Amino acid sequence: MKLLRGETVPPGLEPDEVRDRLLAGFQYILVDEYQDIDEPQYQLISALAGRTLDDPDQKLAILAVGDDDQNIYTFRGANVAFIRRFQQDYAADVHYLVENYRSTRCIIEASNQLIAANTDRMKTDHPICIDRHRSRLPAGGAWTERDPVTRGRVRVIQVPDSLAQAAAVIAALRRLREGGIADWSAIAVLSRGHEDLLRVRALAEQAGIPVRWWESRHQLPPLHRLREIHRFLGELAQQRQGLVRATDLVARAEARYTDCPANPWAAFLRRTLEAWVTESDDAELPVQEALEFLYESCAESRRDLSYGEGVTLSTVHAAKGTEHDHVILIGRWPLKGDVRAQEEERRVFYVGMTRARHSLTVLEPADVAPSLPASLDGPSVYRERASPRHPTSNRPPSTVMKCSRSRTST
């Protein structure tokens with residue numbers, strides 16, 4: 001930043017020349033998610049744009065896009081004050097982008113109702129609306145006809161507590177499946193924290209529902225150390241001097257784990273071997289090459305931090321910027337603390353709601369009061385109580401699911 005501002009100048013160069021060389025002829029800056037920038041990022045953008053320079057010819061044109069209703073990273077220093085100051089900082093024109101191209105009208109209206117309770121907003125007089133090309137569609141979208149009960153409205157299910165909540169999620173997943181959702185990956189279960197997601201994983205494991213989840217790099221051992229993968233690699237290493245075709249390895253893995261369809265590590269192994277079929281052109285190659293490919297794939301996947309294929313299980317913070325056909329929003333959302341804390345919590349909940357395209361289900365634990373889900377009401381919302389028939393479980397999910405409970409080899 002000191003180089004951009006001319007505060008530090010390398011020998012033999014002029015301040016203006018340094019800036020020109022660094023910017024390499026760029027004239028425009030676009031900053032997306034401007035509501036999430038923190039102080040160092042603000043200073044960097046200011047230096048790039050030349051905000052404090054006297055010569056207007058040295059300043060860059062800047063366009064910032066942001067939504068103060070989605071400012072949910074204050075815990076890491078993000079401050080919506082920067083987007084509020086933008087007009088003053090850059091003598092900028094303000095344009096309100098209020099058309100929603102993602103969600104149904106029911107989801108939009110319920111989300112508007114929730115966030116309207118926040119008083120410290122920039123769009124108080126500019127509510128979000130459905131885009132004009134979909135304005136004549138039913139409020140519930142396609143699910144107006146597909147679901148004769150909710151008619152596409154936001155479904156709020158009251159459950160006794162967090163344990164019953166996990167069972168209600170499984171019931172909701174099955175209901176979506178019965179409604180014609182063939183691809184589990186079209187569904188996401190989002191929560192305020194990880195604990196509720198772990199309960200859902202445990203019941204999904206029992207029900208044979210595949211899931212995709214994110215784990216901290218520090219909470220998971222190297223993938224090649226997980227039992228299913230470790231054993232397969234060990235057997236393959238014993239044939240290190242031989243030759244093998246990739247399709248033969250795929251068949252071997254399928255035969256070993258044919259009775260474990262929900263095991264994510266067995267599924268990961270199969271997908272990796274199928275990728276090796278393409279990579280190797282299914283030629284008969286040294287086993288050592290297959291081993292190297294498998295080890296590299298394990299390392300790459302661990303850096304990605306997402307595992308499994310199926311229903312996405314994620315916190316709302318991690319899901320920001322994503323969208324899903326069907327969202328089930330769970331967790332404990334108490335309205336507590338001062339007004340600032342309550343508005344922060346409401347923004348996080350709002351972000352979770354607005355990830356949904358076609359349907360949105362919200363779980364409301366009855367043992368949390370007052371809570372954000374309890375505030376959802378009106379013509380765009382369908383409320384019900386969870387059936388007491390569904391069993392609950394407090395068993396934590398095993399990392400390898402079904403075939404073994406051990407996370408690492410012994």
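These are my notebook entries on helix H5, its residue Ser111, and the pairing of helices H9 and H11.

**Entry 1: helix H5.** I worked from a predicted model. I looked up H5 first, which spans residues 105-115. I found H5 mostly covered, with 9 of its 11 residues buried. I listed the buried ones: Arg105, Cys106, Ile107, Ile108, Ala110, Ser111, Asn112, Leu114 and Ile115. Next I asked what these buried residues pack against. I found one helix entry, H14 (339-353). I also noted strands E3 (99-100), E4 (129-130), E5 (154-159), E13 (356-365) and E14 (381-385).

**Entry 2: Ser111.** I then picked one residue of H5, Ser111. Is Ser111 buried or exposed? I read 2% relative accessibility for Ser111. The cut-off for buried is under 20%, so Ser111 counts as buried. I checked its contacts, leaving out residues up to four places away in sequence. Ser111 touches Tyr350, Met353 and Thr354.

**Entry 3: H9 and H11.** I moved on to another part of the chain. Two packed helices are described by the angle between their axes and the distance between the axes. I looked up both values for H9 (residues 227-237) and H11 (residues 264-280). Their axes come within 8 Å and cross at roughly 45 degrees. That angle makes H9 oblique to H11. Which residues make the contact? From H9 I noted Glu228, Ile229 and Phe232. From H11 I noted Trp265, Phe268, Leu269 and Leu273. I sorted the contact residues by type: 6 are nonpolar, none is polar and 1 is charged. The charged one is Glu228 of H9.

Technical notes:
Residues are numbered from 1 along each chain as its sequence is written. This is a predicted model: local features need pLDDT of at least 70, side-chain atom pairs count only at pLDDT 80 or more; totals for chains, interfaces and linings use all residues. Side-chain values use heavy atoms; hydrogens and water are left out. Buried means under 20% relative accessible area, exposed over 50%, partly exposed in between (1.4 Å probe, protein chains only). Helices (H or I, at least four residues) and strands (E, at least two) are DSSP runs, numbered from the N terminus. Contact means heavy atoms within 4.5 Å. Axes are lines fitted to C-alpha atoms, for helices over the stretch in contact, and angles run from 0 to 180 degrees between N-to-C directions. Angles under 35 degrees count as roughly parallel, over 145 as roughly antiparallel, 65 to 115 as roughly perpendicular and the rest as oblique.
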